[in-house]
Amino acid sequence: MTRRLSRETLIKWAPLLVLIALVIFFTALNPTFFSLRNFARIAIAAAPALMVAIGVTFIIVMGSIDLSMEGTVSLTAVSFAFIFAQLGGSLAGFGWIAIPLVLVLGGLIGLLNGLVHVKLKIPSFMASLAMGFVGTGAAILLTGGDIVKVGDAAFRGLLTVRWLGFPLMVYVAAFFLFVGWFIQTHTTLGRNFYAVGGGEDLAHASGLNVTRVRVTGFALAGVFYAIAAILVVARIGQAESVTGANFMFVSITSVVVGGVALWGGIGGVWNALVGVLIVNVIDNGMVVIGLPDFLQDGVLGLLVILAVVLSTDRKMVSFVK
Amino acid sequence: MSTFIKDFIERETISRRNFLFATAAGLGVAAVPGVFGRGTAAAALTDPAIAWSYRDRASAYWNSVIAGGEAFVESLGRPKSALVSLINEGSTEKSLSDIKAFLAKNNGNCAIACDANDSPNARPVVEAVQAAGAYISTIWNKTDDLHPWDFGDNYVSHMTWSDEKPAEETARILFEAMGGEGGVVHLGGIAANNPAVERLAGLQNALKDFPNIELLDAQPADWDTQKGAALMASFLTRYGDRIKGVHCANDNIAYGVIEALRAEGIEDMPIVAYDGNPEAVQMVMDGQLLATVFTNPHWGGGISAALAYHAAIGTFKPSEEPKEHREFYGPTILVTARDAAEFKAKYLDSVPAYDWKDFWGPSNGQIQYKA
């Protein structure tokens with residue numbers, strides 16, 4: 001009995017152990033890796049990806065998948081840049097109104113995504129992928145392929161103003177991480193995600209409105225993608241139709257590496273955090289130790305496989321699809 | 001059998017026969033120039049349909065190319081919509097099948113400008129165009145053994161840009177701003193892309209004349225702003241204060257580098273870029289960038305369509321032109337703080353009205369292949 005318990009505990013903490021091992025490994029090869037400055041750099045790169053990863057974690061916990069993040073991030077980023085400019089282009093003025101508007105927009109895109117998935121009975125994989133393309137297309141339509149700059153010093157303070165060594169955007173991401181954790185553990189909705197992911201038939205038979213839970217989940221994910229979009233704009237000072245590119249790979253890899261099971265019901269926002277940190281530590285660390293660039297993609301792939309092997313309890317899984 | 005069905009079958013048989021006749025006649029017409037060979041009026045097309053085959057509309061570069069193509073068709077007195085966009089979305093298969101469909105739809109009465117998406121794809125594209133009796137000009141992608149002059153008149157021209165020399169010039173500007181000493185990092189494009197290789201080679205050429213400059217690192221940032229920012233941050237951890245200058249493979253990467261430095265409170269790092277996008281030119285004027293390089297995609301887009309069109313209607317006969325008019329380099333203009341304002345006024349604030357019959361004026365000499 002104790003043996004089984006320790007094995008479960010080990011698997012539960014495996015992603016964190018992988019992260020710590022990576023930090024020790026990179027520090028051993030180049031001590032400058034272990035510095036506040038570098039941790040801040042990793043945090044800046046990880047903050048937007050973390051928001052996307054938390055959003056998709058809710059969906060994966062439900063046993064579905066959401067691939068709309070690239071289009072949603074692009075469209076909300078571009079919309080934010082336009083609305084912000086339209087409202088005077090300054091946080092000090094009315095520009096701040098753009099933030100809640102864009103969060104609502106993200107929620108609406110997610111809502112639509114969920115409705116297409118549930119009402120038209122299209123697998124979430126396909127419905128969300130298609131919605132992602134629509135989002136990217138709309139972003140191209142809005143920008144005509146151009147870059148929209150956001151130069152307001154107050155807004156860019158998210159990147160340039162530091163507190164205890166970390167830029168404000170890192171604290172914003174941390175705040176929404178706690179919001180995600182609160183939703184996951186302290187709300188009915190959060191528990192329903194696990195009910196649907198752990199056994200949808202059972203949840204349905206127990207009187208749970210599975211349809212509503214799913215649609216709400218997608219809408220919630222959309223809001224988190226919109227937060228990611230705002231953080232990206234804060235980080236690089238511009239929005240364009242390719243702003244969301246790469247987020248699909250980074251977020252889903254992170255979530256899985258962090259120990260969230262793709263078959264649903266297992267994991268949560270802390271796994272997403274650890275996963276995003278693992279991926280970003282690898283990205284940063286490979287450059288910091290001076291690994292040749294032609295090896296980096298291969299090594300990233302191998303480390304991802306290793307991390308998943310260590311962090312999922314494959315004895316519990318009867319088949320893998 | 002009812003009369004209706006009999007009539008129907010008869011009618012369909014006749015129309016199918018007519019169709020076969022028509023097809024044979026069409027092929028005959030297409031073959032005529034081949035039969036009579038050189039010297040006859042090969043350019044038999046009147047009012048050909050004009051198309052541009054390219055990657056996507058999500059970048060300033062391709063938008064500018066297509067704006068040039070549209071300016072050209074407008075100069076013919078046609079609406080912008082007369083330029084058909086064949087968007088391949090980065091798919092070689094789609095590039096070829098779209099062009100074949102366009103040729104079939106217009107019975108080969110076509111003038112096409114094209115970036116074939118990858119080098120090997122240029123050959124099947126050109127062969128399909130020649131088989132249909134249409135005319136094509138290509139840019140960027142083709143293999144070194146594929147030449148317009150091997151295809152008579154139908155493969156009108158190929159234009160590409162040599163990035164090595166301009167990238168060397170930006171590197172020299174960077175090194176001089178660094179006072180001729182210190183460490184430099186290079187953030188490159190997608191490693192296997194030809195422009196990425198050439199832009200790094202340009203930097204390395206310049207290094208030979210500056211013995212006190214050390215190339216600390218050169219890694220791909222995939223032409224991407226966010227990747228550029230993350231890579232620059234990692235470089236800062238590895239090399240710290242040793243970095244005295246940054247050489248970027250394109251403007252988008254430079255935007256990311258500037259933001260990564262801004263996050264650290266570094267404002268005065270010498271940086272050079274490439275592509276001459278409007279935002280980058282503004283940054284040159286503001287002193288955030290030392291230099292960028294403009295390749296005039298607007299002109300390239302217009303002139304490629306113009307070359308195919310005018311060859312098709314017989315304004316000039318490609319096979320009678322010298323080789324430097326069949327394979328040539330596009331223009332490159334170095335933009336530095338000294339001339340940025342003038343450059344912006346001339347090329348960006350208002351697009352110059354080009355003479356679309358001056359096919360080779362701004363071009364940059366015949367393409368040279370490395371042995």
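**Chain B: its contact with chain A, its parallel sheet and a helix crossing**

In this predicted model, 26 residues of chain B are in contact with 29 residues of chain A. The side of chain B that touches chain A draws at least two residues from each of helix H2 (60-75), strand S7 (213-220), helix H7 (225-239) and helix H8 (251-263) of chain B. Of these, helix H2(B) is also packed on a sheet of chain B and comes within 6 Å of helix H10(B), axis to axis, and the points below follow these elements in turn.

**Side of chain B that touches chain A**
- H7(B) gives the most to this side, with 11 residues.
- By residue class, the side of chain B that touches chain A divides into 13 nonpolar, eight polar and five charged residues.

**The six-stranded sheet**
- Six strands of chain B form an open sheet with parallel pairing, in the order S2-S1-S3-S4-S5-S11.
- Strand S2 (83-87) and strand S11 (327-329) of chain B are the edge strands, each of them pairing on one side only.
- On average, and with direction ignored, neighbouring strands of this sheet are turned by 20° against each other.
- Within the sheet, strand S4 (residues 135-139) and strand S5 (residues 155-160) of chain B pair in the parallel sense over four bridges, and Thr138(B) has His158(B) in S5(B) as its bridge partner.
- Helix H2(B) packs on the sheet, where it touches strand S1 (49-54), S2 and strand S3 (110-114) of chain B, and the direction of H2(B) makes about 175° with that of S1(B).

**Crossing of H2(B) and H10(B)**
- The axes of H2(B) and helix H10 (residues 297-313) of chain B come within 6 Å and cross at roughly 45°, and because this angle falls in none of the parallel, antiparallel or perpendicular ranges, the two helices count as oblique to each other.
- The crossing of these two helices is right-handed.
- On the H2(B) side the contact includes Tyr61(B), Ile66(B), Gly68(B), Gly69(B) and Phe72(B), while on the H10(B) side the residues include Pro297(B), Trp299(B), Gly300(B), Gly301(B) and Gly302(B).
- The residues of the contact of H2(B) with H10(B) divide into 10 nonpolar, seven polar and no charged.

**Annotated region**
- An unreviewed UniProt entry places the feature "domain: Periplasmic binding protein" at residues 50-314 of chain B.
- Over residues 50-314 of chain B, the chain is 46% helix and 20% strand, and the end C-alpha atoms of this stretch are 15 Å apart.

Terms used
Residues numbered from 1 in each chain as written. Chains lettered and ligands numbered in written order. Predicted model: local features only at pLDDT ≥ 70, side-chain atom pairs only at ≥ 80, totals over all residues. Contact = placed C-beta atoms within 7 Å. Nonpolar A, V, L, I, M, F, W, Y, C, P; charged D, E, K, R; others polar. Pairing = 2+ DSSP bridges. Axes fitted to C-alpha atoms, helices over the stretch in contact; angles between N-to-C directions. UniProt positions renumbered as here; feature names shortened; annotations may be inferred. Parallel < 35°, antiparallel > 145°, perpendicular 65-115°, else oblique. Left-handed = near helix turned anticlockwise from the far one by under 90°.
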